[in-house]
Amino acid sequence: MELQLGLALPTPNMLKGFDLNNHGLDQLKEMGGLEAWNKAAGCFADKDCVKSKRSFEQAFGNFTEECRTKPLLLWSGQPNEEEDHKDQKKATFSTTDENDAEEDDQVVGWPPIKTWRKKIFQQQQQPRVGRAENNRVAENENGRSIYVKVKMEGVAITRKIDIKVYHSYQSLTNSLITMFTKDKECNEDDYILTYQDKEGDWLIAGDIPWQNFVRSVQRMEIVRNWG
Amino acid sequence: MQKKMAYSFPDEVLEHVFSFIQSDKDRNAVSLVCKSWYEIERWCRRKVFIGNCYAVSPRMVIRRFPEVRSIKLKGKPHFADFNLVPDGWGGYVLPWIAEMAGAYPWLEEIRLKRMVVTDESLELIAKSFKNFKVLVLFSCEGFSTDGLAAIAASCKNLRELDLRESEVDDLSGHWLAHFPETCTSLVSLNISCLRSDEVSFSALERLVGRCPNLRSLRLNRAVTLDKIANILRRAPQLVDFGTGYYAAELQPDVFSNLAGAFSSCKELKSLSGFWDVVPAYLPALYSICPRLTSLNLSYATIQSPDLIKLVSHCPRLQRLLVLDYVEDSGLEELASSCKDLQELRVFPSDPFGAEPNVSLTEQGLVAVSLGCPKLRSVLYFCRRMSNAALVTIAQNRPNLTRFRLCIIEPKTPDYLTLEPLDVGFGAIVEHCKDLSRLSLSGLLTDHVFEYIGTYGKKLEMLSVAFAGDSDLGLHHVLSGCESLRKLEIRDCPFGDKALLANAAKLETMRSLWMSSCAVSFGACKLLGQKMPKLNVEVIDETEPPDSRPESCPVDKLYIYRSVAGPRFDMPPFVWTMDEAVRILH
């Protein structure tokens, strides 16, 4: 039986001269492996299907005209396409609660990360809620993860670190040196660690007590020491 | 019958022999030998596994297997993990519990995955099964700590309570106090998913202290680092431990107390938890690292140098779950230190950022594939890949059985040649002859599916996203993959032809999921009509599919084989393509 399936979808890759548009089911059969399934399916190969065949032709004949192509657009939509949108998305992602973050994802469910894991990730990006109410101040201070971007002059990758895991400038710089020397061969004396504080000013790290630094740092940059 | 078979055994002997046969496949084979074996087998089957709770009804199971003690059920399709299945879709366990309450009073074990469990269901379990021992709720939802309190209070011989990755309405930490003082039977307790900061810590300590057989304990974030030592000292026999919150100001006495407590756990082989880690506390683990076979650091935001130090102390590691902070350098260290590694999972620390925030590339995976001869299972999130790397991995590790690669940006080509990754994945299926699970990503044409159909003869589960050019891709898979049980597809240009031409194949599989593809409503109806043993369900949250022309593609499609017929607990946004039911719907 011939099923003429005049599907209007483009088929740019035609393997071995196969043309789904013109030869329909017969050609699929020629590829082999179809016999067994056809036997089992039975009805697709016999005359009783004539009625359904007609509805198929009707269906596929009208395909491009009447149909909204809404789902098809999803394939061409790329997440993170525009610069502006990306930055905006990043900003909202780190400060909003989990519901808003979901809406910001341009592609639902991609990348395929379990909701459970995403929620933990989001919790880690925010200050822990409810701790102050429990009056466990010590844990409150210990608990907050503070993520800060660190950029090094001449290196493409901007890293994000949790400043709370360090307890001194020394431990911070040691870790940064280890991290960035992988990306760029350098002599540590050639570089200075600078940071942007809450007022937006760029300062050299190390002048104020560590705890004050932790509370005011917004982001950091490692720059060449020209002095 | 002319003569009695010389070798026919009395039923009791056969039953005794069958009791040694545990695997479902073997049991199923046994039951097909002859009628009397079928009868004997069904009366002595104690464990049932139902991979799709809608494939069969509770009554049918009970009718065939009257003496079941242990049941395992799975509900929602796998893509529910990624929010592709709307809330309210289904997967309710209550009907099962209700039927089993009457039929299986001696039921001991219930294991559920991706099902909706209510407090009512938990209360019914607590009330109905006098010898109840094991409750595992994996990725379940719908219940609260009130339901858990009922289980704790009533189940006198409870051995396992494992709530891994479930969504629990955490109303109060006091449910733990409902375990009676007489309960000493716990072997496994996993409460890591409870998100409240309250837990009745004293109740937990006492519970742990009075259960000498406790082997596995996974705590939640409410348990702070300073409390870990107390718990461990009460349970030095632990084999598997999940920490709570592993961060605190570095204090020497807390550190040494913790290190001492860990070193007293001579059987400890598996660690997990590690939310909010302070690296300075990691050396407290060094005494047990040489024995560790499984380490889950996938929530720990620690950087590569600290990870490398830790991993280099664990030569016996078989299983590692970690964030991409491990970077290529960390994976190279892993490859040189951990020759027993069988499973590696690398998760993204910043999945929604457009730029890479860590130096993790295909090189890390190549290094591990070269250095770890026993590597079988991989889950790897990264931002770039090349055909050359995939071919190398395939040639290095033909013993891979599970390979799941997620290149974060959809349709990313080979970064060196800008070609599709068809050849790379083709090498994976060609060389890894026992590959049973595969997830694809990156730029892929119909060619990759040709390779998969040709070589993927042992492939049981395939996940596809943003791939392929035409129906030919789907046809290759459905016609070539003989062992295929689960196929899940999203955002691919697969339409009606391949699906209808391979309709019979669908009866040999557990299920097929297709979302944002090109399957028309008309084809779904046809499939539903012609294949009575398949349930064809269309999911559309915006409007009924028949309000548009039949040629229009459906939003989401879930097809699964069933002997129970169409289900009747569907929400308004799910349409079944069974003719009779549709008319009534």
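Here are four short exercises on a predicted model, each with a worked solution.

**Exercise 1.** Work out which residues form the negative surface patch, and whether D146(B) is buried, partly exposed or exposed.

*Solution.* Start with the patch: its members are E120(B), E123(B), D146(B) and D169(B). Now pick out D146(B), which you'll find in helix α7 of chain B, residues 145–154. Next, check the cover. Buried means under 20% relative accessible area and exposed means over 50%. D146(B) has 46% relative accessibility, so it counts as partly exposed.

**Exercise 2.** Find where P111(A) sits in chain A, and say what kind of peptide bond leads into it from W110(A).

*Solution.* First the place: P111(A) is in the loop that runs between α7 (98–104) and α8 (115–125) of chain A. Then look at the bond from W110(A) to P111(A): omega is near -5°, and the bond is cis.

**Exercise 3.** Describe the backbone and the surroundings of F466(B).

*Solution.* Begin with phi, which is near 50° for F466(B), a positive value in a residue that isn't glycine. Then locate F466(B): it's in the chain B loop between β18 (461–465) and α17 (471–480). Last, the cut-off for buried is under 20%. With 4% relative accessibility, F466(B) is therefore buried.

**Exercise 4.** Do the same job for S516(B): what is its phi, and is it buried or exposed?

*Solution.* Phi of S516(B) is positive, about 50°, although this residue is not a glycine. Its loop in chain B lies between β20 (511–515) and α19 (521–530). Relative accessibility is 8%, so S516(B) counts as buried.

Methods. Residues numbered from 1 in each chain as written. Chains lettered and ligands numbered in written order. Predicted model: local features only at pLDDT ≥ 70, side-chain atom pairs only at ≥ 80, totals over all residues. Heavy atoms only, no water. Patch = residues over 30% accessible without salt bridge, like charges linked within 9 Å, V, L, I, M, F, W, Y side chains within 5 Å. Areas by Shrake-Rupley, 256 points an atom, 1.4 Å probe, with all protein chains shown as cover. Salt bridge = Lys/Arg side-chain N within 4 Å of Asp/Glu carboxyl O. Lys, Arg positive; Asp, Glu negative; His and termini not counted. Charge placed at Lys NZ, Arg CZ, Asp CG, Glu CD. Helix = DSSP H or I, 4+ residues; strand = E, 2+ residues; numbered from the N terminus. Buried < 20%, exposed > 50% of the residue type's maximum accessible area, 1.4 Å probe, protein only.
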